[in-house]
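I opened this structure to look up where empty space is left inside it and how a pair of its helices pack. My entries follow in the order in which I looked.

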Amino acid sequence: MSPEASQWLERFFTYLQHERRLSPHTLSNYRRDLTRLQEYCQSIGVEEWHALDSHGVRSFVAWRHRKGVGGRSLQRELSALRSLYNFLLRERVVGSNPGIDVPAPKAQKRLPRALDVDKTSHLLDIREESPLALRDRAMMELIYSSGLRLAELLSLNLDSIDRSDATVRITGKGSKTRLVPVGRQALAALGQWLRVRGQLAPPE
């Protein structure tokens, strides 16, 4: 890009440092992302910031996506681009922000990590015998045994559990009801808690 375009980029970094007072780490991210944008502009013959339009921004996003850059990183790079152009708009260098209506690919949602066997065993190993501890053990055993979500556990009533049949009736998402088995240890823990639950102080 032209020397003038590079000067405006440096002025933007100065603005981020002294007016926005961004941390060195955040400033480094901006510099890396916008230097990459500058190099891309150079490769497609864009010499000035006002010459980059929304089509060019889309092409930049598509190019980065083809290189395997994920949605979350592309969202950050687009955010840096928009911030640069907001600054250039304020300084009357450009007449519009070409990144304002350009979406980034959606970031993949991370699946929750399952606990391994050792961690699960440690979670269930509640040795205290107080009524509160017995209640907690029964809850944890029931979650583990029947694969309940927390919201499903909290909505359970005692009459939802058939101890003779070793099943529990669950009302899940969309008010759909399903019957799931309850393991032997969960039933034992539940029985221990039921014997002492009268000792728990009622909620205020």
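**Entry 1: the largest cavity**

I began with the lining of the largest cavity, which is made up of Asp33, Leu34, Leu37, Phe60, Glu77 and Leu81. I noted at once that I am working with a predicted model. I then looked up how much space lies in this largest cavity, and the value is about 30 Å³. The count of cavities of 30 Å³ or more comes to one.

Which helices each supply at least two residues of this lining? I found that α2 and α4, the latter spanning 71-90, each do so, and that α2 gives the most, with three residues. When I sorted the lining of the largest cavity by class, I wrote down four nonpolar residues, two charged ones and no polar ones.

**Entry 2: the largest pocket**

I turned next to the largest pocket, in which about 280 Å³ of space lies. I listed the residues that line this pocket, and among them are Arg135, Ala138, Met139, Leu142, Asn157, Ile161, Leu190 and Trp193. Sorted by class, the lining of the largest pocket divides into 10 nonpolar residues, one polar residue and one charged residue.

Which helix gives the most to the lining of the largest pocket? My lookup shows that α6 does, with four residues. I also noted that α6 (131-146), α7 (150-154) and α8 (184-196) each supply at least two residues of this lining.

**Entry 3: how α1 packs on α2**

I came back to α2, which I had already met in the lining of the largest cavity, and looked up its packing with α1. Two packed helices are described by the angle between their axes and the distance between the axes. For helix α1 (residues 3-18) and helix α2 (residues 24-43), the axes come within 11 Å and cross at roughly 165°. I wrote beside this that α1 is therefore roughly antiparallel to α2, since angles over 145 degrees count as such. The crossing in which α1 passes α2 is right-handed.

Which residues of the two helices meet? On the α1 side I listed Ser6, Leu9, Glu10, Phe12, Phe13, Leu16 and Gln17, and on the α2 side Leu27, Tyr30, Arg31, Leu34 and Gln38. By class, I counted seven nonpolar, three polar and two charged residues in the contact of α1 with α2. I marked Leu34 in my list, as this residue of α2 meets α1 and also lines the largest cavity.

Technical notes:
Residues numbered from 1 in each chain as written. Predicted model: local features only at pLDDT ≥ 70, side-chain atom pairs only at ≥ 80, totals over all residues. Heavy atoms only, no water. Axes fitted to C-alpha atoms, helices over the stretch in contact; angles between N-to-C directions. Parallel < 35°, antiparallel > 145°, perpendicular 65-115°, else oblique. Left-handed = near helix turned anticlockwise from the far one by under 90°. Contact = heavy atoms within 4.5 Å. Nonpolar A, V, L, I, M, F, W, Y, C, P; charged D, E, K, R; others polar. 1 Å grid on protein atoms, 1.4 Å probe; cavity = no way out; pocket = protein on both sides within 12 Å on 5 of 7 lines; lining within 4 Å. Points joined across faces, edges and corners; volume = space filled by probe spheres on them.
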